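Visitor: I am new to this structure and would like a close look at a single part of it, with its surroundings explained step by step. Could you take me through one helix and then outward to what lies around it?

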Amino acid sequence: MTGHVGIAAIAYAFAGPQVTVRQLAAAGRLESAPEVLEGFGFDTVHVAGRETPYDLALDCSRRALRDAGVAPAEVGLLIHGGATGEAAFAPGGGAAGCPGPSFRFPSTRLQHALELDDAWTFGLDQMACTNLLAAIRVGAGLMRAEGIRRALCVTSEFFGPGAPRERIYNCVSDAACAVLLDRDAPGCRLVAAVQVTKGYYWDAEAARDEVVASYFPTSRHVIERTLERAGWSAASVDWVIPHNVSARSWAILGGLLRLPRARVWIDNIARRGHTLAGDNLINLRDALDAGHINPGERLLLFSYGYGAHWTALAVEA
């Protein structure tokens with residue numbers, strides 16, 4: 001990536017109360033025994049009640065702008081990812097019985113509510129857990145190409161009411177996350193990005209065993225390409241800021257990557273669960289707030305999305 005685009009603010013919001021994996025198992029909302037998920041590092045997740053995905057998207061977007069001290073008129077681009085159409089406005093993210101398209105979209109409603117009158121607005125979906133990283137990549141590219149100074153990227157995704165909370169040994173939380181990109185941000189500079197899509201796995205549930213088999217080698221390939229594009233050596237990476245798949249899978253991938261100095265920030269897996277597209281940026285915000293990351297350190301953000309996308313960002317704190 002040429003030209004300086006950095007992350008100026010990150011804000012997030014979680015829906016509903018925290019529920020333990022044992023409570024979810026008792027309610028019949030897990031495929032695996034709770035002991036299995038606890039062994040993978042999961043403890044509690046957030047489950048939406050009356051909140052809607054739009055409610056949380058609006059809340060964390062407002063806080064990202066406030067935290068950065070940015071007026072609405074200063075934002076030139078808004079990218080929304082996650083729940084689309086009526087599902088974005090339904091409590092718990094469920095929109096059962098919707099008879100057809102109503103042409104009411106969360107991206108344009110956010111633009112109106114946030115008074116981003118000068119912002120070009122669109123939605124980005126079909127990338128599952130890589131939606132937010134993809135929005136950041138697309139937003140940074142448009143900022144450089146069109147001279148946009150600031151862009152707001154937001155994702156908000158819930159599982160529907162009563163839906164299973166597990167996907168391939170991962171326990172899922174309902175959450176939203178907003179990221180403000182700024183050409184003048186003093187830190188968290190975006191250095192490089194790589195995405196690999198393997199459409200062969202488009203029906204991920206049907207190809208579940210093959211997805212599991214391809215996950216680790218493709219993840220390693222994408223991360224190595226990202227380091228090459230960033231001009232970084234493996235030994236120069238300080239932190240891996242992950243998506244919240246099982247802690248055990250990160251132990252395996254960490255061994256394959258051979259990043260001798262890098263630490264993997266997994267503190268949120270037990271207390272937050274897998275928030276779909278928000279994981280990496282929520283983890284980055286919490287790691288920064290905890291004082292674990294120092295200015296100038298090199299960070300690798302990586303995520304996998306069902307359907308099937310592998311995405312990584314190289315970021316300099």
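Guide: In this predicted model, Ala251 and Gly255 are exposed on one side of helix 7, the helix that runs over residues 247-257, and the other side is where its buried residues are to be found. Those buried residues are Ser249, Trp250, Leu253 and Leu257, and because they cover an arc of only 95 degrees around the axis, they lie on the same side of helix 7. Several elements help to cover these buried residues, including helix 6 (208-230), strand 9 (239-241), strand 10 (263-264) and strand 11 (298-305). Just after the helix ends, the chain reaches Arg258, which takes a positive phi of about 55 degrees; as a general matter, most residues other than glycine have a negative phi.

Of the covering elements, helix 6 deserves a slower look. Helix 6 and helix 7 pack with their axes 10 Å apart and at an angle of about 50 degrees, and since angles from 65 to 115 degrees count as roughly perpendicular and those under 35 as roughly parallel, the two helices are therefore oblique to each other. Their crossing is right-handed. On the side of helix 6, the residues that take part are Tyr215, Phe216, Ser219, Arg220 and Ile223, and they meet Ser249, Ile252, Leu253, Leu256 and Leu257 of helix 7. Sorted by class, the residues of this contact divide into 7 nonpolar, 2 polar and 1 charged. Ser249, Leu253 and Leu257 thus appear both among the buried residues of helix 7 and among the residues that meet helix 6.

Strand 11, which also helps to cover helix 7, leads us to another helix. Helix 9 covers residues 279-289, and 8 of its 11 residues are buried, so it is largely enclosed by the rest of the structure. The buried ones are Asp279, Asn280, Leu281, Ile282, Asn283, Leu284, Asp286 and Ala287. Strand 11 is among the elements that cover them, and so are strand 9, strand 1 (6-14), strand 7, helix 5 and helix 8 (268-272). Strand 9 and strand 11 are therefore named in the cover of helix 7 as well as in the cover of helix 9. After helix 9 comes Gly291, whose phi is positive, near 75 degrees.

Helix 5, which is part of the cover of helix 9, spans residues 131-146 and contains Leu133. With a relative accessibility of 0%, Leu133 counts as buried. Setting aside residues up to four places away in sequence, Leu133 touches Asn280, Leu281, Leu301, Phe302, Ser303, Thr311 and Leu313; Asn280 and Leu281 are buried residues of helix 9. Asn131 lies in helix 5 too, and it is buried, with a relative accessible area of 2%. Apart from neighbours within four places in sequence, Asn131 is in contact with Gly81, Gly82, Leu124, Asp125, Gln126, Thr155, Glu157 and Ala277.

One of those partners, Gln126, sits in the loop between strand 5 (120-124) and helix 5. Gln126 is exposed, with a relative accessible area of 69%, and its phi is near 65 degrees, a positive value in a residue other than glycine. Tyr169, in the loop between strand 6 (150-157) and strand 7 (175-182), likewise has a positive phi of about 65 degrees although it is not a glycine, and its relative accessible area of 37% makes it partly exposed. A further backbone detail comes after strand 11, where Ala308 is found in the loop leading to strand 12 (309-316), and the peptide bond from Gly307 to Ala308 is cis, with omega near 10 degrees. In general, most peptide bonds are trans.

Finally, Leu133 offers a way to a second pair of helices. Leu133 and Leu58 are 75 residues apart in sequence and 19 Å apart in space, C-alpha to C-alpha. Leu58 belongs to helix 3, where Leu58 together with Tyr54, Ala57 and Arg62 meets Pro106, Arg109, Leu110 and Ala113 in helix 4. By class, that contact has 6 nonpolar, no polar and 2 charged residues. The axes of helix 3 (residues 53-68) and helix 4 (residues 106-113) come within 11 Å and cross at roughly 40 degrees, and the two helices are therefore oblique to each other, with helix 3 passing helix 4 in a right-handed crossing.

Key. Residues are numbered from 1 along each chain as its sequence is written. This is a predicted model: local features need pLDDT of at least 70, side-chain atom pairs count only at pLDDT 80 or more; totals for chains, interfaces and linings use all residues. Side-chain values use heavy atoms; hydrogens and water are left out. Axes are lines fitted to C-alpha atoms, for helices over the stretch in contact, and angles run from 0 to 180 degrees between N-to-C directions. Helices (H or I, at least four residues) and strands (E, at least two) are DSSP runs, numbered from the N terminus. Angles under 35 degrees count as roughly parallel, over 145 as roughly antiparallel, 65 to 115 as roughly perpendicular and the rest as oblique. A crossing is left-handed if the near helix is turned anticlockwise from the far one by less than a right angle, and right-handed if clockwise. Contact means heavy atoms within 4.5 Å. Ala, Val, Leu, Ile, Met, Phe, Trp, Tyr, Cys and Pro count as nonpolar, Asp, Glu, Lys and Arg as charged, and the others, Gly among them, as polar. Buried means under 20% relative accessible area, exposed over 50%, partly exposed in between (1.4 Å probe, protein chains only). The arc is that of the directions from the helix axis to the C-beta atoms.
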